[in-house]
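I opened my notebook and went through this one piece by piece. Here is what I looked up, in the order I wrote it down.

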Amino acid sequence: MQCKLDHVNIVCQDLNHVIKFFTENLGAKLIAMKIFGGVEGASLDLGGTLINLRVKQKNECYLKNPFGKMYGYHHIGLRVDDIDASYRELVEKGFKFSAPPVDVVGLRIAFFTGPENMTFELVQIR
């Protein structure tokens, strides 16, 4: 079977804050405000990948481990052309990096924390 990523769904607490993060810092475009499963949400286009955001439903709760990460989710990888420029831009905007840019086999990567403690990886192919 051959698969291709279609979309990513993210449950968030502050929908408008997360939309603003994706549009103002990562270059996503707001496609539409929507209702997902009876709750407010939005669909964004992030470089051709559909990102669906929604708030939690009444019967849901946020499960976090003692280190603040949500179970079942680790990070979102974002490909960039110039990781060092992206790193500087995000640091200037106040984002904290758990791992600054580093070279690994064929790649240069970095990890930073976005809104609601979401982890993002920047990836530059060498």
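**Entry 1: a sheet.** I began with four strands that make an open sheet, ordered β1-β4-β3-β2, with mixed pairing. For my own use: strands (E, at least two residues) and helices (H or I, at least four) are DSSP runs, numbered from the N terminus. Two strands count as paired if DSSP finds at least two bridges between them. At the edges I found β1 (7–12) and β2 (29–36), each pairing on one side only. From one strand to the next, the twist averages 25 degrees. Such angles run from 0 to 180 degrees between N-to-C directions, with axes as lines fitted to C-alpha atoms, for helices over the stretch in contact.

A note on what I'm looking at: this is a predicted model, where local features need pLDDT of at least 70 and side-chain atom pairs count only at pLDDT 80 or more, while totals for chains, interfaces and linings use all residues. Residues are numbered from 1 along each chain as its sequence is written, and side-chain values use heavy atoms, with hydrogens and water left out.

**Entry 2: a helix on that sheet.** I checked what α1 (residues 15–25) does, and this helix packs on the sheet, touching β1, β2, β3 and β4. A contact here is heavy atoms within 4.5 Å. The direction of α1 makes about 5 degrees with that of β3. Which residues of α1 are buried? I wrote down L15, V18, I19, F21, F22 and N25. Buried means under 20% relative accessible area, exposed means over 50%, and partly exposed is in between (1.4 Å probe, protein chains only). I also jotted a rule beside this: an α-helix has 3.6 residues a turn, so residues three or four places apart point the same way. After α1 comes G27, and its phi is positive, near 80 degrees.

**Entry 3: β3, β4 and an arginine.** Strands β3 (residues 39–46) and β4 (residues 49–55) run antiparallel, and six bridges join them. I traced one pair: A42 has L53 in β4 as its bridge partner. Then I picked R54, which sits in β4. Is R54 buried or exposed? R54 is buried, because its relative accessible area is 17%, under the 20% cut-off. Leaving out residues up to four places away in sequence, R54 touches I10, V11, C12, L15, F36, V39, E40, G41 and E60.

**Entry 4: another sheet.** I moved along the chain and found an open sheet of four strands in the order β5-β8-β7-β6, again with mixed pairing. Why does one side of β5 and of β6 (96–104) have no neighbour in the sheet? Both stand at the edges with a single partner strand each, so one side of each is left free of a neighbour. Direction ignored, neighbouring strands of this sheet are turned by 20 degrees against each other on average.

β5 (residues 76–79) was fun to follow, as its side chains alternate: I76 and L78 point to one face and are buried, while G77 and R79 point to the other and are not. β5 runs parallel to β8 (residues 119–125), with four bridges joining them. Opposite I76 stands F120 in β8. F120 is also the bridge partner of F112. β7 (residues 107–113) and β8 pair in the antiparallel sense over seven bridges. As for α2, this helix lies across β6, β7 and β8 and runs at about 170 degrees to β6.

**Entry 5: a serine.** I looked up S98 in β6. S98 counts as exposed because its relative accessibility is 58%. Not counting residues up to four places away in sequence, S98 touches F111 and F112. The C-alpha atoms of S98 and A110 are 7.9 Å apart, though the two are twelve residues apart along the chain.

**Entry 6: the whole chain.** I tallied two helices and eight strands, running β-α-β-β-β-β-α-β-β-β from the N terminus. Of the 126 residues, 36% count as buried. Among contacts with a separation of 6 or more, 45% are between residues 24 or more positions apart.
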